[in-house]
Amino acid sequence: MNGRPCKIDTKRLDRTLNDAERQIILTAGEGDLSRGWHKLLELYAHVHGQGYRPDQSFDLVSYSEKDV
């Protein structure tokens with residue numbers, strides 16, 4: 001990932017999205033980038049609560065249709 005080094009107290013994200021990234025966020029937000037961003041944060045919070053950690057592969061994340 002390119003850009004400036006991360007600062008823990010950052011309050012604003014200013015990133016240029018490529019087409020694939022934009023489409024993922026739009027899909028998550030049903031056409032709304034802000035809503036999609038918040039839904040992805042919510043999803044990460046959920047998998048983190050289930051034990052996922054950033055050094056792990058997303059292949060370890062699973063779901064059950066009954067939970068959806």
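Three salt bridges are present in this structure, which is a predicted model. They pair Asp19 with Arg22, Arg35 with Glu30, and Lys39 with Glu42. The chain that carries them has two helices and zero strands, and of its 68 residues 7% count as buried.

**Salt bridges**

- In the pair formed by Asp19 and Arg22, the side chains meet with an N to O distance of 2.9 Å. The two residues are three positions apart in helix 1, and they are therefore separated by about one helical turn.
- The partners in this helix 1 bridge are not equally accessible, because Asp19 has a relative accessibility of 61% and counts as exposed, whereas Arg22 has 31% and counts as partly exposed.
- Between Arg35 and Glu30, the closest N and O atoms of the salt bridge lie 2.4 Å apart. Arg35 is partly exposed, its relative accessible area being 40%, while Glu30 reaches 66% and counts as exposed.
- The bridge between Lys39 and Glu42 has its closest N and O atoms 3.6 Å apart, a separation that still falls within the 4 Å cut-off used for a salt bridge.
- Both members of this last pair belong to helix 2, where Lys39 and Glu42 are three residues apart, or about one turn of the helix.
- Lys39 is partly exposed at a relative accessible area of 35%, and Glu42 is likewise partly exposed, with a value of 48%.

**The loop residue Glu30**

- Glu30 is placed in the loop that runs between helix 1 and helix 2, the latter spanning 33–49, and from this loop Glu30 takes part in the salt bridge with Arg35.
- The backbone of Glu30 has a positive phi of about 50°, although the residue is not a glycine. Most residues other than glycine have a negative phi.
- Glu30 is exposed, since its relative accessible area of 66% lies over the 50% limit for that class.

**Nonpolar surface and Leu13**

- Leu13, Trp37 and Leu41 together make a nonpolar surface patch of about 310 Å².
- Within this patch, Leu13 comes from the segment before helix 1, a helix that covers residues 19–28. Leu13 counts as exposed because its relative accessibility is 56%, which is over the 50% limit.
- Relative to the salt-bridged residue Lys39, which is found in helix 2, Leu13 is 26 residues away in sequence and 16 Å away in space, taken from C-alpha to C-alpha.

**Overall dimensions and surface**

- The radius of gyration of the protein chain is 14 Å, whereas a compact globule of 68 residues would have a value near 11 Å.
- Taken along the principal axes, the C-alpha atoms of the chain fill a box of roughly 40 × 30 × 20 Å.
- The chain exposes about 6700 Å², and carbon and sulfur atoms supply 53% of this area.

**Charge**

- The protein chain has 10 positive and 11 negative side chains, and the centres of these two sets are 8 Å apart.
- Among the charged side chains are those of the three salt bridges, including Lys39, which forms a bridge with Glu42 and counts as partly exposed at 35% relative accessibility.

How values were computed: Residues are numbered from 1 along each chain as its sequence is written. This is a predicted model: local features need pLDDT of at least 70, side-chain atom pairs count only at pLDDT 80 or more; totals for chains, interfaces and linings use all residues. Side-chain values use heavy atoms; hydrogens and water are left out. Helices (H or I, at least four residues) and strands (E, at least two) are DSSP runs, numbered from the N terminus. The radius of gyration is taken over C-alpha atoms; the globule rule is 2.2 Å times the number of residues to the power 0.38. Buried means under 20% relative accessible area, exposed over 50%, partly exposed in between (1.4 Å probe, protein chains only). Accessible areas come from the Shrake-Rupley method with a 1.4 Å probe; for residues, only the protein chains shown count as cover. Lys and Arg count as positive and Asp and Glu as negative; His and the chain ends are not counted. The place of a charge is taken as NZ of Lys, CZ of Arg, CG of Asp or CD of Glu. Patches are made of residues with over 30% relative accessible area and no salt bridge: like charges are joined within 9 Å, nonpolar side chains (Val, Leu, Ile, Met, Phe, Trp, Tyr) within 5 Å.
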